[in-house]
Amino acid sequence: MILQIILFACIGVAMEVVFTAASDFTKTRSNRLMGYSYIWMLPIYGLVPLFMRVLYPRLEDVLLPFRIVLYTVLLLIMEYATGWTLRKLTGDCPWEPGYRGKRWAIDGLVRLDYAPGWALACLIFERLYLALRWL
């Protein structure tokens with residue numbers, strides 16, 4: 001299980017770096033493709049296999065599109081909860097500056113317009129979990 005947590009943490013952060021590089025490219029057109037993440041994301045992404053261990057056995061008979069929608073809703077709730085917790089503990093939510101004031105943002109902690117990207121991440125996480133669940 002420890003190996004799963006480490007792998008999910010690293011892969012989640014890597015996906016985030018790719019996403020931020022691609023997002024910034026659309027704004028800056030810089031070929032440097034510099035992405036970024038936050039150190040706080042390692043333990044947050046490390047929670048994914050723990051949740052999958054509980055959720056997947058209960059949902060494996062549900063059609064994939066419905067599972068992905070449910071995972072995405074739960075992920076958005078977790079994003080809000082972890083952002084709120086970080087704000088209370090440290091005085092700052094690291095992703096808030098990029099979320100604050102955006103049309104689909106909720107309290108600067110979640111962006112609903114990112115839901116399709118999170119849905120793709122959830123699909124990747126489920127496939128990764130299935131490939132690694134025996135570790």
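Start by selecting helix 1 (residues 2-28) together with helix 3: their axes come within 8 Å and cross at roughly 120°. Keep in mind on this tour that you are looking at a predicted model.

**Stop 1: where helix 1 meets helix 3**

Show the side chains here. Which residues touch? From helix 1, pick Gln4, Ile5 and Phe8; from helix 3, pick Val48, Pro49 and Leu50. If you colour this contact by class, you will find 5 nonpolar residues, 1 polar residue and no charged ones.

**Stop 2: helix 3 again, with a new partner**

Keep helix 3 (residues 48-59) selected and add helix 6 (residues 115-132). A quick tip for this kind of view: two packed helices are described by the angle and the distance between their axes. For helix 3 and helix 6, the axes come within 10 Å and cross at roughly 80°. Angles from 65 to 115 degrees count as roughly perpendicular, so helix 3 and helix 6 are roughly perpendicular to each other.

Now bring up the side chains in this contact. On helix 3, select Val48, Pro49, Met52, Arg53 and Tyr56; on helix 6, select Phe125, Glu126, Tyr129 and Leu130. Sorted by class, the contact has 7 nonpolar residues, no polar ones and 2 charged ones. You may recognise Val48 and Pro49, since helix 1 meets them too.

**Stop 3: Glu96**

Next, move to helix 5 (residues 96-99) and click on Glu96. Is Glu96 buried or exposed? Its relative accessibility is 13% and buried means under 20%, so Glu96 counts as buried. To see what surrounds Glu96, select Arg87, Asp107 and Gly108: these are its contacts once neighbours within four places in sequence are left aside.

**Stop 4: step back to the whole protein**

Clear your selection and switch to a cartoon view. How many helices and strands are there? The protein has 6 helices and 2 strands. Trace the chain from the N terminus and the elements run α-α-α-α-α-β-β-α.

Rotate the model and picture a box around the C-alpha atoms, roughly 40 × 35 × 30 Å along the principal axes. A compact globule of 135 residues would have a radius of gyration near 14 Å, and the protein's 15 Å agrees with that.

Finally, turn on the surface. The protein exposes about 8,400 Å², with carbon and sulfur atoms supplying 69% of that area. Buried residues make up 34% of the 135 residues. Among contacts between residues at least 6 apart in sequence, 61% join residues at least 24 apart.

Notes. Residues numbered from 1 in each chain as written. Predicted model: local features only at pLDDT ≥ 70, side-chain atom pairs only at ≥ 80, totals over all residues. Heavy atoms only, no water. Axes fitted to C-alpha atoms, helices over the stretch in contact; angles between N-to-C directions. Helix = DSSP H or I, 4+ residues; strand = E, 2+ residues; numbered from the N terminus. Parallel < 35°, antiparallel > 145°, perpendicular 65-115°, else oblique. Contact = heavy atoms within 4.5 Å. Nonpolar A, V, L, I, M, F, W, Y, C, P; charged D, E, K, R; others polar. Rg over C-alpha atoms; globule rule 2.2 N^0.38 Å. Buried < 20%, exposed > 50% of the residue type's maximum accessible area, 1.4 Å probe, protein only. Areas by Shrake-Rupley, 256 points an atom, 1.4 Å probe, with all protein chains shown as cover.
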